[in-house]
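Here's a quick tour of a fold, starting at one strand and working outwards. Have a look at the model first.

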Amino acid sequence: MWAVETEELTRTFGDFIAVDHVSLKIRQGGIYGFLGPNGSGKSTTIRMLCGILEPSAGSGRVMGFDIARQSEQIKANIGYMSQKFSLYDDLSVRENLEFYAGMYSLPAAVKKSRIDEMIHMAGLIGREDELTANLSGGWKQRLALGSSILHRPTILFLDEPTGGVDPKSRRLFWDIIYDLSAAGTTVMVTTHFMDEAEHCDEIGFIFEGKLIASDSPSRLKQTIPGRLLRIDNPDPMELMAELERRQLPLLDAYVHGAGVHVRLRETDAAAYESYGGQWIQPSLEDVFVHYVKEKRREVAA
Ligand SMILES: Nc1ncnc2c1ncn2[C@@H]1O[C@H](COP(=O)(O)OP(=O)(O)OP(=O)(O)O)[C@@H](O)[C@H]1O
Ligand SMILES: [Mg+2]
């Protein structure tokens, strides 16, 4: 059984297609990263998978439960951390956890030990009575995570959990995600950070509501045709223009920081000798650029 399986999952708002025929499969026990620019449909997809938002068309199952017809079972079996942490600022750390323990109807016999476990996991020992409003980003984030896994869900949906959190807290948070995954929890996490995506077992790229690629980071990198040459240049736009003027052979070229990435056939490398570039391994950003352009060509054709 797949942890998540969707077929042509679609959500419209009026005439606007926010999620456009998305078919994806997520293996149990892995970490699946869901990447895409602002407004590409990540949260809308996650909300449908969590049984909070009804699909307009298509279907999906989460741990075998139908997202449209069995949303109650889904809610009982998943953990969901929404993009805006749903914590009560005017409750203390412990009170927030108690609130969620009640929401998930945790039996009294396990309630206290689970709450203590989460306080420990979040590194909040000694701060149980502090007002949540007074916690900084990283602590709030770990408390929100703790609140969403009190009932030990087999699958966890994290919607941009590391947005607005400092790098140290981000690393700490990812350590917790690895631990959960190692203990068998399936994790689906949306992010803007390419470095976080590198650490996922599989990633899906979503763009304008469409899933344009889904595979492991290493396999995705292997799918890009040709090789990548990086040419540093303080004026990359001018370099781009020059490549075009000279009509040098290439599969693709785009600005990347203070330089240009040129994707070309190895047999055309001689044409670039005077530029003193260096061969690089594609990053996930290069992969994303490739798939976005491919999708654009497909749509234009
Ligand atoms: N309730 C709604 N009514 C109308 N449009 C909506 C609604 N919810 C989302 N949208 C639109 O659907 C699109 C996808 O939104 P969504 O929140 O899923 O994107 P996202 O990938 O999560 O973006 P971000 O990275 O900013 O969180 C956006 O254009 C958004 O404005
Ligand atoms: Mg979102």
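## Around strand β9

F157 has M188 as its bridge partner in β9. This is a predicted model, where local features need pLDDT of at least 70, side-chain atom pairs count only at pLDDT 80 or more, and totals for chains, interfaces and linings use all residues. Residues are numbered from 1 along each chain as its sequence is written, with chains lettered from A and ligands numbered from 1 in the order in which they are written.

Strands and helices here are DSSP runs (E, at least two residues; H or I, at least four), numbered from the N terminus. Strands pair if DSSP finds at least two bridges between them. Here are the partners of β9:

| Strand | Residues | Sense | Bridges with β9 |
|---|---|---|---|
| β4 | 31-35 | parallel | five bridges |
| β8 | 155-159 | parallel | five bridges |

On the β4 side, L35 sits opposite T191.

So how enclosed is β9? Six of its six residues (186-191) are buried, so the rest of the structure largely encloses it. Buried means 20 or more other C-beta atoms, placed from the backbone, within 10 Å of a residue's own. T186, M188 and T190 point one way, while V187, V189 and T191 point the other.

Now for the greasy part. The largest nonpolar core (buried Ala, Val, Leu, Ile, Met, Phe, Trp, Tyr and Cys joined through C-beta atoms within 7 Å) has 59 residues, and L49, F157, V187 and M188 have the most contacts inside it. A second, separate core of five residues includes L228 and V260.

Notes
A residue is buried if 20 or more other C-beta atoms lie within 10 Å of its own, exposed if 12 or fewer, and partly exposed in between; C-beta atoms are placed from the backbone.
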